[in-house]
Amino acid sequence: MTLLSSVTGRLTAAALTLSFAAPVLAQETPQAGGVANVAIQPEPPGLMLPLVQNAPTQRVAGNIFESLLRYSTDLEPMPQLAETWEISDDGLTYTFHLHPDVKWHDGEAFSSADVVFSADVFLRQTNPRTRVILDHVESIEAPDDNTVVFTLKEPFPAFIQAFEVGTMPMVPKHIYEGTDFYNNPANNHPVGTGPFEFAKWDRGSVIELDKNPDYYEDGKPYLDKIYWHVIPDAASRAAAYENGTLDIMPAGSVENFDIPRLSEMDGSCMTESGNEYFNPFAMLWLNNREGPTADKRFRQAVMYAIDRDFAKNVLWNGLGEVPNGPFNSTLASHDDDLEQYPYDPDKAEALLDEMGYDGEPVRLLPLPYGETWTRWGEAVRQNLEDVGINIETESSDVAGWNQKISDWDYDIAFTYLFQYGDPSLGIARTYMSSNIAKGSPWNNVEGYANPKVDELFAKAAVENDSEKRQAMYDEVQQILHDDVPLAWIMELAQPTIYRCNVHDLITTGIGLSDGFKNAWIEQQ
Amino acid sequence: MPYVSLILGRVFKAVIVLLAILVFNFFLIHAAPGDPAAVMAGEAGATDQQFLEDLRERFGLDQSLPVQLWRYMSGVLQLDFGYSYRQQMPVLDLILDRLPATLLLTGAAFVISLAFGILAGTLAAMRAKRPSGSVIMGLSLLFYATPLYWVAMMAVLVFSVMLDWLPAYGYSTVGAGYTGLTHVGDVAVHLILPALTLGLFFMAVYTRMTRTSMLSVSQQDFVKTARAKGLAPGVIQRRHILRNALLPIITLAGLQAGQMVGGAVLTETVFAWPGIGRLMYEALMQRDYNLLLGIFFFCALLVILFNMLTDVIYRLADPRIKEAT
């Protein structure tokens, strides 16, 4: 098994090379040179990814920082700073063999000591999501400069999914050790090992990254520069793509109704790939504590009342998937056989009659993330009113939305959550009763508590046998499917629009968020 | 001497007003739901109690409101506007970094609107009974009534996307590396659309006001006297009518000038102009208290300064005012 894992690591590397070879032969060999002009929205608050955890920061800084692994679009681990790795048979020891010739952007050598410092000291202090994962870790040791050994307290199979750049970015020990991390001057000029280096940031205008000339993978990166254009207005971003100023529009750069127009332009391409690791899952929080939403029949009625196919086809341009239960369909542990909740207003009305719903007002809080979400709020409101639910829509800005959900001050509220490639990282947190605590909009804010579900999630997370684990996940999906602690409304697609002469832009399941290492521009 | 004491009195009042504005704003923005720690935790997509407590402690938000106010005010009195939690930079640096772009934009819009507004208004007054006058008034009504963001979007669509004459957004060409005169030219080209967009509304206001004011002045006895004296019509228009019609325009110009820091949020957003208005809007959305208070302070300061300046200009334009005070 030990040997096998190591071989798998190498095989994945080989498979990657092969999968690269195919399109390269079909088109041309990658050409060096060229500049990428990319939209970024909103402007990141900072670029020190190990300190600042949010999506726009990672979009840009995913080029500056690296982690030990990347993940394919099937979420298989791929080599990055670690060339190979082994997992012991008992699932307790993870050994990583680092690439020997890696240098930080300031010229210092990268070594296993940096890995130990990053994981054991820096990220434990600064990243709440990584902190939870590292709770499973007994010790992190560096037997030599190029080897790191993580020893776990108990088997935790999802651990191999945790070496993504946003979760476990490597921090230069020689710069940060013994300093106040938050006030280190290097935060304004981040130093990583990645294919691009920080060059300049004109706040409010543009972030400039330069090619790392000493990058350890031969010939890479191909691009000379990346400019991240800060344009606050969605319509202006669309115009800037139309008139040729921008080449790459990451997901969320334009409103959904503009996507068909932009992607159908001459020389414009679109891909939904690069989304597999995060897989944002749109849901309606249903407050399980009080009011009509505390009744299971009401929550089931909501599932029947909402026309999710309409939302997909009209609001999201047919992109995305309608989920059949609490697990995203791209997860290996997803149960394909769960029965889909169809759009069935009659059944919804029957359920409401059965529970004796008396027209008590129910508050609906849409997500203030732009026009598409506003319209989605209107569509859901209409669906719910059609079956006789008395809806009061509330409005709020992002900070207010955040606050209401964190304080459990809502009846029905829109949200979406990242999945992070494994149920124990992205899904269990939403349903386990140990995760009920005011103050966060990302934990079990619906207040669902079911000892059986708690037990299944807790056991599955530390079960090393994949068949036994799957049996538990199948059971938990069935229970949640019937209890409807919250409404699963859409597996969101994240389309990237770009000029077709940009090749190999997205080669992993993390997409634009882990760097432009392989991207190259075909010169006309 | 009375002049000096007048100014001193004004400055004293201004300081009191500024401090009152700061205190009022402080409580106002703390009354909004959510705090910067919650917003940052929300953006992180994952959080725990320790993370929130760490943030609140670093930002000083774990203290009681009066303590926070005391800390903030004592900082301001030493010209220390604090630290932007979110942007991880001193507030003063952030504001000074963005101020030139905003002043360039609003200053250009101010000059354009004032110059063309008075010109168009004068023409409209002189041709009040002719079709050309009606055309000017019709256009000004159109500009007055059209929402700013719509004008901005249409300008981008026509001049940038369809005709490709002018850049769609930004302050200068990204990656061009221009220096010296080429850089100035580059910025000027980028300035045209946003400055015109922002200037159109006030241009329309000045046009209408100039025309009305001039028509009412032209009915007065001293104009009849001037005509009777046989002065040339142009001289009457310029020296007798226009000069006397200027007072309401100065009042309005003072108001517009006072809005120069914070009044361009929409234009800056649509044209991605890296100015204060956007900074303020983002700070509001992110509950970046220190930054928001700092920008409010500068906006208030500018309004007060321009009010004082307007008073001085009144006296220059109409010496009778000096005697009255």
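Within chain A, A:Leu364 has A:Thr393 of strand 15 as its bridge partner. This is a predicted model, in which local features need pLDDT of at least 70 and side-chain atom pairs count only at pLDDT 80 or more, while totals for chains, interfaces and linings use all residues. Residues are numbered from 1 along each chain as its sequence is written, and chains are lettered from A in the order in which they are written.

Strand 14 (residues 362–365) and strand 15 of chain A run parallel and are joined by three bridges; strands here are DSSP runs of E with at least two residues, helices are runs of H or I with at least four, and both are numbered from the N terminus. Two strands pair if DSSP finds at least two bridges between them. In chain A, an open sheet of five strands with mixed pairing follows the order 15-14-16-13-17. Strand 15 (391–393) and strand 17 (486–491) of chain A each have a single partner strand, so one side of each edge strand lacks a neighbour in the sheet.

The two chains also meet: 40 residues of chain A are in contact (C-beta atoms, placed from the backbone, within 7 Å) with 42 residues of chain B. The elements of chain A that give two or more residues to this side are tabulated below.

| Element of chain A | Residues |
|---|---|
| Helix 4 | 128–134 |
| Strand 10 | 225–230 |
| Helix 6 | 234–242 |
| Helix 12 | 398–406 |

Helix 12 of chain A contributes the largest share, six residues.

In chain B, B:Gly230 takes a positive phi of about 90 degrees just after helix 9.
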